[in-house]
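Please work through the exercises below with the sequence and the model side by side, and try each task before reading its solution.

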Amino acid sequence: MIPQDILDLIREEPFEPFTIFKSDGTRYDVFHPAFVLVDQSKITLGLPTDKSPDRPAERTVRLALFHVTRIEPIKKASTRRS
């Protein structure tokens with residue numbers, strides 16, 4: 001994964017939440033671009049405790065870009081009218 005890939009995702013308008021998957025199977029949901037800091041070799045993520053995008057980050061985690069295997073959009077629950 002290269003830094004520009006992450007930067008492109010967090011700069012999209014409108015922002016679409018996504019999940020980052022690591023090589024060890026760990027995954028992190030990103031609900032707001034303000035929770036992501038990107039440099040040349042790693043990503044720092046702010047993690048809220050209750051997965052709410054309206055809460056401040058309670059802790060941070062650093063991920064080496066080398067270990068990011070894929071990124072997928074978080075699927076929103078579809079709403080259907082009966």
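The exercises that follow deal with confidence, a sheet, the nonpolar core and two buried residues.

**Exercise 1. Find the mean pLDDT of the protein, and state in which elements confidence is lowest and highest.**

Solution. The model is predicted, and the mean pLDDT of the protein is 88, with 89% of its residues at 70 or more. Turning to the elements, confidence is lowest in E2, where the mean is 93, and highest in E1, where it is 96.

**Exercise 2. Establish the order of the strands in the open three-stranded sheet, and explain which of them stand at the edges.**

Solution. Begin with the order, which reads E2-E1-E6, with antiparallel pairing. Next, count partners: E2 and strand E6 (68–73) each have a single partner strand, so each has one side without a neighbour in the sheet, and these two are the edges. Neighbouring strands of this sheet are turned against each other by 20° on average, with direction ignored. Finally, look at one pairing in detail: E1 and E6 are joined in the antiparallel sense over five bridges, and Phe21 stands opposite Arg70 in E6.

**Exercise 3. Describe the largest nonpolar core: how many residues does it have, and which elements give two or more residues to it?**

Solution. The largest nonpolar core has 16 residues, and those with the most contacts inside it are Ile20, Val30, Val36, Ile43 and Leu45. Two or more residues come from each of helix H1 (3–11) and strands E1 (18–22), E2 (27–30), E3 (36–38), E4 (42–47) and E5 (59–64). The largest share, three residues, is given by E4. To see what surrounds one core member, take Leu45: leaving aside neighbours within four places in sequence, Leu45 is in contact with Ile20, Tyr28, Val30, Phe35, Val36, Arg59, Thr60, Val61 and Leu63.

**Exercise 4. Decide whether Thr44 and Phe35 are buried or exposed, and place each of them in the fold.**

Solution. Start with Thr44, which is found in strand E4. Its relative accessibility is 16%, and because buried means under 20%, Thr44 counts as buried. Beyond its neighbours within four places in sequence, Thr44 is in contact with Phe35, Val36, Leu37, Thr60, Val61 and Arg62.

Phe35, one of those contacts, lies in the loop between E2 and E3. With a relative accessible area of 15%, Phe35 is likewise buried. As a last step, compare sequence with space: Phe35 and Pro48 are 13 residues apart in sequence, while their C-alpha atoms are 9.0 Å apart.

Definitions and conventions: Residues numbered from 1 in each chain as written. Predicted model: local features only at pLDDT ≥ 70, side-chain atom pairs only at ≥ 80, totals over all residues. Heavy atoms only, no water. Core = buried A, V, L, I, M, F, W, Y, C linked by side-chain atoms within 4.5 Å. Buried < 20%, exposed > 50% of the residue type's maximum accessible area, 1.4 Å probe, protein only. Helix = DSSP H or I, 4+ residues; strand = E, 2+ residues; numbered from the N terminus. Contact = heavy atoms within 4.5 Å. pLDDT = per-residue confidence, 0-100. Pairing = 2+ DSSP bridges. Axes fitted to C-alpha atoms, helices over the stretch in contact; angles between N-to-C directions.
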